Amino acid sequence: MFKETGDKGELAKGYHNLGGVYYYQAEYSKALEYYLTALKIFEEAGNKKWAGNCCNDIAGVYQIQSDFPKSLEFYLVALKIREEISDKAGIGICYNNIGNVYHSQHEFSKSLEYYQKALKIALEGSEKTYLASSYDNIGNIYFELADYPRALENYTNALTIF
């Protein structure tokens, strides 16, 4: 219907939603196909917010497939878009996601750097879930580094908020 009416915004959202369905069914090549189609349409329409969402989701597919360079590439594009539109919450989410990629690669200092950036943004906002997640992620890094007092401090902060 959206193809017939020429409503590219809704058409792109439909492709994006289909990508999400395939993602949750672990059909990652199909998810990428639909996310990339949606991204192209959102970019053509100049819809940066949704283009950032697509880049974030594409990065997530690559991350679950352990293609960390591609994942990082798309998370950084999403971050750039979110900075351009001053989407503070989106920037914080990107920082956490980038931190997750570095964590998966055991690059703990880079991971911690991004998690701390996410924490700073979360402390400025009102969304408690992001704040708790930031503390939890930081706790995970300190746990990996066997800095148990700092891990416990961050886990306790996260638990208190959760």
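## A guided tour, starting at Ser66

Begin by selecting Ser66, which counts as partly exposed because its relative accessibility is 48%, a value that lies between the cut-offs of 20% for buried and 50% for exposed. Ser66 is found in the loop between H4 and H5, and its phi is near 65°, a positive value in a residue other than glycine. Most residues other than glycine have a negative phi. Please keep in mind throughout the tour that the model in your viewer is a predicted one.

**The whole chain**

Now zoom out until the whole protein is in view, and colour it by secondary structure, so far as your viewer allows. The protein has 9 helices and 0 strands, and someone reading along the sequence meets the pattern α-α-α-α-α-α-α-α-α. If you turn the C-alpha trace along its principal axes, the spans are about 60 × 30 × 25 Å. Of the 162 residues in the protein, 43% are buried. Among the contacts with a separation of 6 or more, 45% are between residues 24 or more positions apart.

**The loop between H5 and H6**

Next, move to the loop between H5 and H6 and select Ser86, whose place is there. Like the first stop, this residue deserves a look at its backbone: phi of Ser86 is near 55°, which is a positive value in a residue other than glycine. With a relative accessibility of 57%, Ser86 counts as exposed.

Add Asp87 to the selection, since Asp87 is also found in the loop between H5 and H6. Is Asp87 buried or exposed? Asp87 has a relative accessible area of 17%, and because buried means under 20%, Asp87 is buried. If you leave aside the neighbours within four places in sequence, the residues in contact with Asp87 are Lys49 and Arg82. You can also try the distance tool here: from C-alpha to C-alpha, Asp87 and Leu76 are 14 Å apart in space, while in sequence they are 11 residues apart.

**Following the contact to Arg82**

From Asp87, step across to its contact partner Arg82, which is found in helix H5. Arg82 has a relative accessibility of 5%, so Arg82 counts as buried. Which residues does Arg82 touch, not counting those up to four places away in sequence? They are Gly52, Asn53, Asn56, Asp87, Gly90, Ile91 and Cys94. Show the side chains of Arg82 and Asn53 as sticks, and you will find a polar contact between these two side chains at 2.5 Å.

**The nonpolar cores**

For the next stop, select Leu39, Ile58, Phe74, Tyr95 and Ile98, the residues with the most contacts inside the largest nonpolar core, which has 34 residues. The elements that give two or more residues to this core are helix H2 (8–24), helix H3 (28–45), helix H4 (48–64), helix H5 (68–84), H6 and H7. Among these, H3 gives the most, with 8 residues. To look at one member in detail, centre the view on Phe74, which, leaving aside its neighbours within four places in sequence, is in contact with Leu36, Leu39, Cys55, Ile58, Ala59 and Tyr62. A second, separate core has 12 residues, including Leu112, Tyr115, Leu119 and Ile141.

**Asn137 and its partners**

Tyr115 of that second core leads on to Asn137, because the two residues are in contact and Asn137 is itself buried, with a relative accessible area of 13%. Asn137 is found in helix H8. Apart from neighbours within four places in sequence, Asn137 is in contact with Asn96 and Asn100 as well as with Tyr115.

**The largest pocket**

For the last stop, display the surface and look for the largest pocket, which has a volume of about 160 Å³. To find the place, select Lys88, Ala89, Ile121, Ala122 and Tyr130, which are the closest to the centre of the pocket among the 14 residues that line it. Which elements give two or more residues to the lining? They are helix H6 (88–104), helix H7 (108–124) and helix H8 (128–144), and H6 gives the most, with 5 residues. If you colour the lining by residue type, you should see 6 nonpolar, 5 polar and 3 charged residues.

Notes
Residues are numbered from 1 along each chain as its sequence is written. This is a predicted model: local features need pLDDT of at least 70, side-chain atom pairs count only at pLDDT 80 or more; totals for chains, interfaces and linings use all residues. Side-chain values use heavy atoms; hydrogens and water are left out. On a 1 Å grid over the protein atoms alone, a cavity is a set of points where a 1.4 Å probe fits but cannot get out, and a pocket is an open set with protein on both sides within 12 Å along at least five of seven lines; lining residues have an atom within 4 Å of a point. Grid points are joined across faces, edges and corners, and a volume is the space filled by probe spheres set on the points. Helices (H or I, at least four residues) and strands (E, at least two) are DSSP runs, numbered from the N terminus. Ala, Val, Leu, Ile, Met, Phe, Trp, Tyr, Cys and Pro count as nonpolar, Asp, Glu, Lys and Arg as charged, and the others, Gly among them, as polar. A nonpolar core is a set of buried Ala, Val, Leu, Ile, Met, Phe, Trp, Tyr and Cys residues joined through side-chain atoms within 4.5 Å. Buried means under 20% relative accessible area, exposed over 50%, partly exposed in between (1.4 Å probe, protein chains only). Contact means heavy atoms within 4.5 Å. A polar contact is a pair of N or O atoms within 3.5 Å; within protein, one must be able to donate a hydrogen and the other to accept it, and residues adjacent in sequence count only if both atoms are side-chain atoms.
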